[in-house]
Amino acid sequence: RCLCDAKGIRIMQPIVLGIETSCDETAIGIVRGRTLLANVIASSVDEHARFGGVVPEIASRAHLEAMLPSIERALKDAQISLSDVDAVAVTAGPGLVGALLVGVASASGLAQGLGRPLYGVNHLAAHVSVDYLTHNQPTDPTIALLVSGGHSSLLQVDDITGSITKLGATMDDAAGEAFDKIARILDLGFPGGPAIDREAVNGSASAIDFPRGLTTSNDWATRPYDFSFSGLKTAVARYLESTPSFVRADVAASFQEAVVDVLLLKALAACKSSGIDSLVIAGGVAANSRLRAVAAERCEKAGIQLRIPSPALCTDNGAMVASLGSLMVSAGRPATQGAFDADSSLKVEQVSL
């Protein structure tokens, strides 16, 4: 089923409202085709900071409180009314199940009340699809490096609305999770990614030679596109224990460099192996300044077209969900039929329900 107007002509520039509640951001985005109209984010990160990480129950309650005001603010920013919305999209997974259920229930009620189709979409695919809001030319096929607090994956995207292949993923900590843990050890606060990024500016990336996980010759032969950051985390902890006079900025910069180096080694290897000369980097860690700078340098040298969303669109947001919903509508993909549950472990290959 696709959206059509009164004359039966497919709507190619649908207005889609997207709802994202997979973790600690209550995010509402509105797009018209590939044009972003509104992107409202209500974060509960300050409520989690004293615990050093996201508390699922607190996140779920915060979503309930922020949902209606966020939708109202997004409609105001977009200068439209609810009746103008052609379709509703919502993150169905993966994520924290309680948080996801708040978004799914809200979107289901909204779509039913408006009599509009509902698209339950994949959070990971949505991170990649947000690139379509900032670039006019499509990149399919492309290699996508998805790096966030909960995920570190290499994907081959042949069609963002229905054909995604997982090439590799983290075997333990995600990159963003590693940033959070090291920031906690360094007493830099939560969330760790931005804190380490700021601290690293004053340090030397070559001061400490931290290990690069899964980069031995055997690893390249058996699991070339997988990641592991637990060994790096342990190496940093041991260095701090054995070096009482450590320079915090140097530790932050050297740790960050090790993560960035591995991410890009694997991503560019995937581009070369597949013959695809396009790389999209998405997810919260894609906002890291060092990752963006080194990626630009290495991709230019390798002749790879690099696309990274603006930092504001890298972290969890509703715009990415609305973007994927819009692309689903324009491609004529069927809407999600009937009631459905959130899936906390939804596989990236399943772009929508």
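**Exercise 1.** What joins β7 to β8, and through how many residues? Describe also the pairing of the two strands in this predicted model.

*Solution.*
Step 1. The connection from β7 to β8 is a hairpin of three residues.
Step 2. Strand β7 covers residues 152-159 and strand β8 covers residues 163-169. Their pairing is antiparallel and comprises six bridges.
Step 3. Within this pairing, Val157 lies opposite Ile164 of β8.

**Exercise 2.** Determine how helices α2 and α3 are oriented relative to each other, and identify the residues that form their contact.

*Solution.*
Step 1. Helix α2 spans residues 56-78 and helix α3 spans residues 97-114; their axes come within 8 Å and cross at roughly 25°.
Step 2. Angles under 35 degrees count as roughly parallel, and α2 is therefore roughly parallel to α3.
Step 3. The crossing of α2 and α3 has a right-handed sense.
Step 4. On the α2 side, the contact is made by Ser60, His63, Leu64 and Met67. On the α3 side, Gly98, Ala99, Val102, Gly103 and Ser106 take part.
Step 5. Sorted by class, the contact of α2 with α3 contains four nonpolar residues, five polar residues and no charged residues.

**Exercise 3.** Is Ser60 buried or exposed, and with which residues is Ser60 in contact beyond its neighbours within four places in sequence?

*Solution.*
Step 1. Ser60 belongs to helix α2.
Step 2. The relative accessible area of Ser60 is 12%. Buried means under 20%, so Ser60 is buried.
Step 3. With neighbours within four places in sequence left aside, Ser60 is in contact with Gly98, Ala99 and Val102. These three residues also appear on the α3 side of the helix contact.

Notes
Residues are numbered from 1 along each chain as its sequence is written. This is a predicted model: local features need pLDDT of at least 70, side-chain atom pairs count only at pLDDT 80 or more; totals for chains, interfaces and linings use all residues. Side-chain values use heavy atoms; hydrogens and water are left out. Two strands pair if DSSP finds at least two bridges between them. Helices (H or I, at least four residues) and strands (E, at least two) are DSSP runs, numbered from the N terminus. Axes are lines fitted to C-alpha atoms, for helices over the stretch in contact, and angles run from 0 to 180 degrees between N-to-C directions. Angles under 35 degrees count as roughly parallel, over 145 as roughly antiparallel, 65 to 115 as roughly perpendicular and the rest as oblique. A crossing is left-handed if the near helix is turned anticlockwise from the far one by less than a right angle, and right-handed if clockwise. Contact means heavy atoms within 4.5 Å. Ala, Val, Leu, Ile, Met, Phe, Trp, Tyr, Cys and Pro count as nonpolar, Asp, Glu, Lys and Arg as charged, and the others, Gly among them, as polar. Buried means under 20% relative accessible area, exposed over 50%, partly exposed in between (1.4 Å probe, protein chains only).
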